[in-house]
Amino acid sequence: MALPNHASTLERIWHYTYLVICGLIFLFLIAPILVVIPLSFNAEPYFTFTEKMLALDPTGYSTRWYDLLLTFGMDNPDAPRDGSWWADAWANAAWINAAKNSVIIGFFSTILATFLGTLAALGLSRPEMPFRRAIMAILISPMIVPIIITATGLFFFYSMTGLANSYVGIIMAHATLGIPFVIITVTATLVGFDHSLTRAAASLGANPTTTFFKITMPLILPGVISGALFAFVTSFDEVVVVLFVAAHDQQTIPRQMWNGIREQISPAILSVATILVLISIALLTTVELLRRRSERLRGVSPQ
Amino acid sequence: MADISAPLTTADGKPLKAALASAQARARRRAFFLVLPLLAFVLLTFVAPIAQMLHRSVHNPGFTTHTDIGSGEKTPIMVNLRAWFKENPPGTEPDEAAYEALVKDLVVLRELKAPGSVGTRINYERAGSRSMFTKAARRAEKLEPPYKEAMLDLDEDWADPELWQVMRGASSAYTFNFYLAALDLARDADGSIVSVDENRQVYVKLFTRTLLLSLLITFLCFLLAYPIAHLLATLPLRHSNLLMIFVLLPFWTSLLVRTTSWIVLLQSQGVVNDTLVATGILDDDSRIQMIYNQTGTIIAMTHILLPFMVLPLYSVMRPINPSYVRAARSLGATSWTAFRRIYFPQTVPGIGAGALLVFILAVGYYITPALVGGANGQLISNLIAFHMTKSLNWSLAAALAAILLGGILVLYWLYDRLVGIDNLKLG
C-alpha cells in the first residue's frame, strides 16, 4: 500500500504513524517468543539480561541450563560422560523421560486422529452426506468446549471405566482433541477438489481403492500432513487432561513445565521453551511449504 | 415410436426414479459410513464423558447409597431418616421419631465406616457438618432415649433447621441444589430459594468477572488485530506472507512457552521492569506489578488469542476490492469517511467471526489464568479445577461446568449460524 503522490501532509503523517503502530503490534506478537532464546543461555539463575550479557561478554553466557535438562533426575550426574553416563541420562533424566512420554502419546494420538479424521473428512465433503451440519458441529466441538470441561468429564468417565492412569486413556483423549484440526485442514483441501478426476479414474477401469490411493490421496496428502502436524502439536502441548487423568509418574513435557512454573521457575524452563520454539518454527515451515504445494497441485494460484 | 406415457426405465427394466433413489441412498450410506467410525469415537471419548458429568451435576448419592471402596458393593444408607422425611412435609419440626431414626442410621454408618463421606456430603451445603457426623456416629451406639436430648447434648447444632433442610435435600440422590450453589443461591429452612450471605457469594461474581475480562480481551484483540490484518491484506502477497510468520509463529508455539515468556517479561525483576528502571522511567523501588494479577491475565491472554482474530479478519479483508475506496475518494470523501463508510462495513463479517471465536475461547480459558492470574485474575475454569482437585466437591464442579458449557454451546451455535464452522481457518 504505497502512498499516492497527491497525499496531503496529514495523510503522510498518518501513514507513517500507522506503519509504526503495526510494527509495535508485530513486536508485541513476536518479542515474547524470541526473548526466551537468549535468556536461556544466561550464566546466572536470573530471568533478565545481566550486564555481561548486554556487553556480549562470553562469560555471561553458558549452556548450563541445557546441561541441567540432561542431568536433572539422573542417578549419578557428575560421573565422567562416557557411555554409561548417557545410558543413565536416557533412563533416568526427568526431562528425557517426559520427552519420551510426550512423543509416544503424541505419535499414537496423531495416527488415530489423522486416520479417523481423514476418513470422516472424505465422507463430510461428499454432497450427499446426511446431517452434515450437525455432525460437523459435534466433531469440531472438542476444539470449542473449554479444556477444563473436557478434562472433568474424562476424569469421571475414565475412573468409572478403568482407563484412568493409562496410556490408552490419554492417547484417546488427545486424539479427540486433535481431530477438529485434521477435519478442518482436510476438508479445506477437499474444497474445490475436482470430482471428475475420480470419475475419470473409474471410467478407465480403476476400482475405488486404486482410485483413492492413486488419485485422491496424492491430492489431499498435503492437507492430511498439515492436519497430522496440528494434531501432534495439540497433543504435545496439552497439559490439563494429562493433569486430570494421568498417573503421577506419567510425566510429559508440558506437565513438567507446568510443575516447574508453579513451583519454582528456573531458567531450565527457558531452555525447554527455546527447544519448543525451534520445533514450532520447523513445523510452521513444513506446514507453509505443504500449503504452497497443495495450492500448486490443485491449481489454486495465490492472487 | 416409443410410448411416451410409459415410465422411463433403466436397461434392466427398473423404473428410473426407483433406480435413482436407490443409487442416492447408496451414496448417502457410503458417505455416512466413512464418518461413522469417527463419530462413534467422538461420542465415546467426548460426548459420553460430558453427558456423565452433566448427570453428576444433578445426581449425588452421598446421603443415600454407600459404595464400599474395596468390593464396590452398594448399600442403601440413612434408610430410617429418609423414611421420616418422606412421611413428614418440609418445614416439620424434627421430633423424637426423627432423632431416633437419625441415631439408628448413624449406628449403621459406623459399621460401614461411612460417617465421614456422609458428613462430607452434608458439609458441601452446610459448613462444619462433617465433624458433627463423625463425632455423633462414634457415640451413637451408647446413646439412650430420649434421643433428641442425647443428640443435642453432643452438639447443640443438631437442632439447626438449616441442617435438617440440607439433610432433607440430600435424602434424594437427584437434586438441583448444586446448581443453586453455583449461582450463589440456597434453600432456607422451609425450602424456598434465597441468596446466600453476601460474604459467601463467589460464583456469580466470578462468572461476571469471566464475562467482563473476556469482553475486554476480545476488544483488545480486535484493536490490535485490525491494523495488522489490514496491513497484511493490502501488502503484496510476497511481503504479507513473510509478515504472516509473525502471526503464525505464536499460533504454533506452545501455550506454556508463551505463558512462561510473559512471566519472564513482566515479573518485577523481569525484562520490562528492568528496562524501565535502566532508562530511568521508573525508580528501583516503584517497579510495576504486572504479573500474578488481572493485568497479567489480560496481557498474556490477549497475546495468545490475537492470531484467532487476525486470521479471520485477514481472510475477509484480502478479497476486498481497493477500487471501492478509490471511488469514494474520487467522489470527494476524505480518507476517514471512505474508511468509515466504505471499507469498515465490508470487514464486519470478519470482525464478527474473529470476535466470537476469541470470546468463546477466552471464556473457558484455564492454563494462562492459573499460571499468571494470581488471586484476582482467576476465571471460572480455575474455580472448576479448584473444586475438582482441592475441595473435591465434584458435583458443584460439574454444575459450574454445566453452566459454562451451556453458555459456550449457545455461542457456538451462534457462530455456526453466523459464520459457519466450515469457514474456520487455521493459517
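Axes here are lines fitted to C-alpha atoms, for helices over the stretch in contact, and angles run from 0 to 180 degrees between N-to-C directions. With that in hand, take helix 9 (residues 203-234) and helix 13 (residues 294-317) of chain B: they pack at an angle of about 45 degrees, with axes 7 Å apart. This is a predicted model, where local features need pLDDT of at least 70 and side-chain atom pairs count only at pLDDT 80 or more, while totals for chains, interfaces and linings use all residues. Residues are numbered from 1 along each chain as its sequence is written, and chains are lettered from A and ligands numbered from 1 in the order in which they are written. Helices (H or I, at least four residues) and strands (E, at least two) are DSSP runs, numbered from the N terminus.

**Helix pairs**

- The pairing of helix 9 with helix 13 of chain B counts as oblique, because angles under 35 degrees are roughly parallel, over 145 roughly antiparallel, 65 to 115 roughly perpendicular and the rest oblique.
- Helix 9 and helix 13 of chain B make a right-handed crossing; the term means that the near helix is turned clockwise from the far one by less than a right angle, and anticlockwise gives left-handed.
- By class, that contact of helix 9 with helix 13 of chain B holds 22 nonpolar, three polar and no charged residues. Here Ala, Val, Leu, Ile, Met, Phe, Trp, Tyr, Cys and Pro count as nonpolar, Asp, Glu, Lys and Arg as charged, and the others, Gly among them, as polar.
- Across the chains, helix 8 (residues 167-190) of chain A and helix 1 (residues 16-58) of chain B have axes that come within 10 Å and cross at roughly 120 degrees. That makes helix 8 of chain A oblique to helix 1 of chain B, and the crossing is left-handed.
- On the chain A side of this pair sit A:M172, A:A173, A:T176 and A:I179, which meet B:L38, B:V42, B:T45 and B:F46. The tally for this contact is six nonpolar, two polar and no charged residues.

**Chain-to-chain contact**

- Chain B puts 77 residues into the contact and chain A puts in 78, where two residues are in contact if their C-beta atoms, placed from the backbone, lie within 7 Å.
- Helix 1 of chain B supplies the largest share of chain B's side, 21 residues.
- That side of chain B breaks down into 55 nonpolar, 16 polar and six charged residues.

**Cores and burial**

- A residue is buried if 20 or more other C-beta atoms lie within 10 Å of its own, exposed if 12 or fewer, and partly exposed in between, with C-beta atoms placed from the backbone.
- A nonpolar core is a set of buried Ala, Val, Leu, Ile, Met, Phe, Trp, Tyr and Cys residues joined through C-beta atoms within 7 Å.
- The largest nonpolar core has 167 residues, and B:A225, B:L305, B:V310, B:V358, B:L400 and B:A401 touch the most other members. Helix 8 of chain A gives this core its largest share, 14 residues.
- Leaving out residues up to four places away in sequence, B:A225 touches B:L306, B:M309, B:V310, B:L313 and B:G354.
- A second, separate core of 27 residues includes B:F63, B:W84, B:V103 and B:M132.
- Helix 7 (residues 161-170) of chain B has eight of its ten residues buried, so it is largely enclosed by the rest of the structure. Among the elements covering its buried residues are helix 2 (79-87), helix 4 (115-123) and strand 3 (185-187) of chain B.

**Backbone oddities**

- Most residues other than glycine have a negative phi, and most peptide bonds are trans.
- B:P145 and B:P146 are joined by a cis peptide bond, with omega about 0 degrees; B:P146 is in the loop between helix 5 and helix 6 (147-154) of chain B.
- A:L56 has a positive phi near 55 degrees and lies in the loop between helix 2 (51-54) and helix 3 (64-71) of chain A. With 8 C-beta neighbours inside 10 Å, A:L56 is exposed.
- B:Y292 has a positive phi near 60 degrees and is in the loop between helix 12 (271-278) and helix 13 of chain B. B:Y292 is partly exposed, with 19 other C-beta atoms within 10 Å.
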